[in-house]
Amino acid sequence: MILILRPNTDHNSADYRKLMDYLTNLPNIQSRIHQEVGTQQHLTEVYLIGDTKALSIEDMQTLPTVERVVRISEEYRVLGRHKSGDNRPTSFEYNGVHFGQNNLNIFAGLCAVDNPQHVELMLKALQENGQTCTRMGAYKPRTNPYSFQGHGKNCLPYVFELAGKYGMRVIAMEVTHESHVEEIRQALHITGNPTGVLLQIGTRNTQNFELLKIVGRQHEFPVLLKRGFGITLEESLNAAEYLASEGNRKVIFGLRGMKTNMGDPHRNFVDFAHVPVIHRLTRMPVCIDPSHSVGSREQSPDGILDIMSVTAQGIIAGANMVLIDFHPAPSKALVDGPQAMLLKELPHFLEDVAIARKAYEARTALAKRYQTK
Ligand code: PEP
Ligand code: MN
């Protein structure tokens, strides 16, 4: 059960203390406080865990400072959408960018940072095409221990400075160890916070619970959690809940294809049909990663790259973020060159994305029209 308190409830007020005293005395019930500090107001939610079946919604609603009561199912307590009166937000803001189930952000960029020239060419192209978000991999988890592992913290200062120079608000960047979060924080600080970072947990770490707890405990950076490539959707959604249960609910859920031979001829079996499922089960914005799903630049006879076709599929189903590899010189890329889009393809890609998004918006309007008939 969740008690949603009135906005800006003062935790030093007599009413709040009364509420806490009452909750502490409930038998077999523990409470966990979640606070969300926004620009306009701060919100407090009290999660009651334990024998809550005995509690009545009506009684709890009369307690001091309580605005609303939501009875939740066991699953995805914080991030889930619950049946009774759950109109908690499905969006958040970070560094001037809105992330929600009702909008779309594009994160095109380098799979792996290789040198400052390529970073600059990439960012310049993004700015020229009106983009304010990108992806830049510094820490690369590789299947082969002898493969390039990313430049790590050494590249962060120039990546952040250049991001600031070209007006990037948010960079998606994978972290594989807790020390990386601190390195990112320090590099941002040293460079004067020219940009923001969306911490990415990759598919190989979806169930690295200790990493999830660390990343969940910090509130500075939002998190993009990729679905595990070989586990159930439920297991991956529970992994996302780990982040939120530790306090960070600025979480985006990423689909990136599943490892199965049915994926052939794509690198992974594309799972973007699950976009609406995640919207239905949770309040998280949903990201699709067409690059790591498809894994090549194969093209169909209609002249459309498979990467672009699956991007359109995800967007037409309501995806809220696209994470996609581009590279100024894919033959020189140190990671995943064969799946990278070319900078000259960026305008084409963005126009194609806009067509798919418009189609999604037309579909939701149509659904509404038929619902009210
Ligand atoms: C990536 O986005 O660079 C990446 C390695 O993705 P995934 O974790 O989905 O393989
Ligand atoms: Mn990659």
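A polar contact is a pair of N or O atoms within 3.5 Å of each other. Keep that cut-off in mind as we walk through this predicted model, beginning with a ligand and the side chains that touch it.

## Around ligand 1

Lys-226 gives us a good starting example: one of its polar side-chain atoms lies 2.6 Å from an oxygen atom of ligand 1. That distance falls within 3.5 Å, so the pair counts as a polar contact. Two other side chains, those of Gln-200 and Arg-256, can be read in the table in the same way.

| Residue | Partner | Distance |
|---|---|---|
| Gln-200, polar side-chain atom | oxygen atom of ligand 1 | 2.9 Å |
| Lys-226, polar side-chain atom | oxygen atom of ligand 1 | 2.6 Å |
| Arg-256, side-chain N or O atom | oxygen atom of ligand 1 | 2.6 Å |

How much of ligand 1 does the protein bury? Taken alone, ligand 1 exposes 290 Å², and the protein buries 97% of that.

The residues around ligand 1 include Cys-111, Arg-135, Lys-140, Glu-174, Asp-289 and His-292. Sorted by character, the shell holds seven charged residues, four polar ones and one nonpolar one. Two names from this shell, Cys-111 and His-292, are worth remembering for the next stop.

## The manganese ion

Which atoms coordinate the manganese ion (ligand 2)? They are SG of Cys-111, NE2 of His-292 and OD of Asp-336, at 1.9 to 2.3 Å. Along the chain, these donors follow the spacing C-x180-H-x43-D. Cys-111 sits in the loop between β7 and α3, while His-292 belongs to helix α9, so the pair ties together parts that are 181 residues apart in sequence.

Are these two residues buried or exposed? Buried means under 20% relative accessible area. Cys-111 has a relative accessibility of 4%, so Cys-111 counts as buried. His-292 comes out at 9%, and therefore counts as buried as well.

## Strand β14 and its neighbours

Now let us turn to strand β14, which spans residues 321-327. Seven of its seven residues are buried. In a regular strand, side chains alternate between the two faces of the sheet. In β14, one side carries Met-321, Leu-323, Asp-325 and His-327, and the other carries Val-322, Ile-324 and Phe-326. Both of these faces are covered.

Which strands pair with β14? One is β7 (residues 105-110), which runs parallel to β14 and is joined to it by five bridges. Within that pairing, Ala-108 stands opposite Ile-324. Strand β13 (residues 286-288) is also parallel to β14, with two bridges between them; here Ile-288 has Val-322 as its bridge partner. Strand β15 (residues 341-342) pairs with β14 in the parallel sense too, over two bridges, and Phe-326 of β14 is matched with Met-341.

## Some backbone details

A few spots in the backbone deserve a closer look. Asp-264 and Pro-265 are joined by a cis peptide bond, with omega at about 10°. You can find Pro-265 in the loop between β12 and α8.

Asn-28 has a positive phi, near 60°, in a residue other than glycine. Asn-28 lies in the loop between α1 and β2. Its relative accessible area is 62%, so Asn-28 is exposed. Thr-65 is not a glycine either, yet its phi is positive, at about 70°. The home of Thr-65 is the loop between α2 and β4. Is Thr-65 buried or exposed? With a relative accessible area of 4%, Thr-65 is buried.

## Two more buried residues

Gly-254 lies in strand β12. Its relative accessible area is 0%, so Gly-254 is buried. The C-alpha atom of Gly-254 is 15 Å from that of Ser-91, a residue 163 positions away along the chain.

Thr-195 is located in the loop between α5 and β10. A relative accessibility of 5% means that Thr-195 counts as buried. What does the side chain of Thr-195 have beside it? A polar atom of this side chain lies 2.9 Å from the backbone oxygen of Met-168.

Technical notes
Residues are numbered from 1 along each chain as its sequence is written. Chains are lettered from A and ligands numbered from 1 in the order in which they are written. This is a predicted model: local features need pLDDT of at least 70, side-chain atom pairs count only at pLDDT 80 or more; totals for chains, interfaces and linings use all residues. Side-chain values use heavy atoms; hydrogens and water are left out. Buried means under 20% relative accessible area, exposed over 50%, partly exposed in between (1.4 Å probe, protein chains only). Helices (H or I, at least four residues) and strands (E, at least two) are DSSP runs, numbered from the N terminus. Two strands pair if DSSP finds at least two bridges between them. A residue is near a molecule or strand if one of its heavy atoms lies within 4 Å of it. A polar contact is a pair of N or O atoms within 3.5 Å; within protein, one must be able to donate a hydrogen and the other to accept it, and residues adjacent in sequence count only if both atoms are side-chain atoms. Accessible areas come from the Shrake-Rupley method with a 1.4 Å probe; for residues, only the protein chains shown count as cover. Ala, Val, Leu, Ile, Met, Phe, Trp, Tyr, Cys and Pro count as nonpolar, Asp, Glu, Lys and Arg as charged, and the others, Gly among them, as polar. Donors are N, O and S atoms within 2.8 Å of the metal (3.2 Å for Na, K and Ca); water is not among the atoms, so sites may look incomplete.
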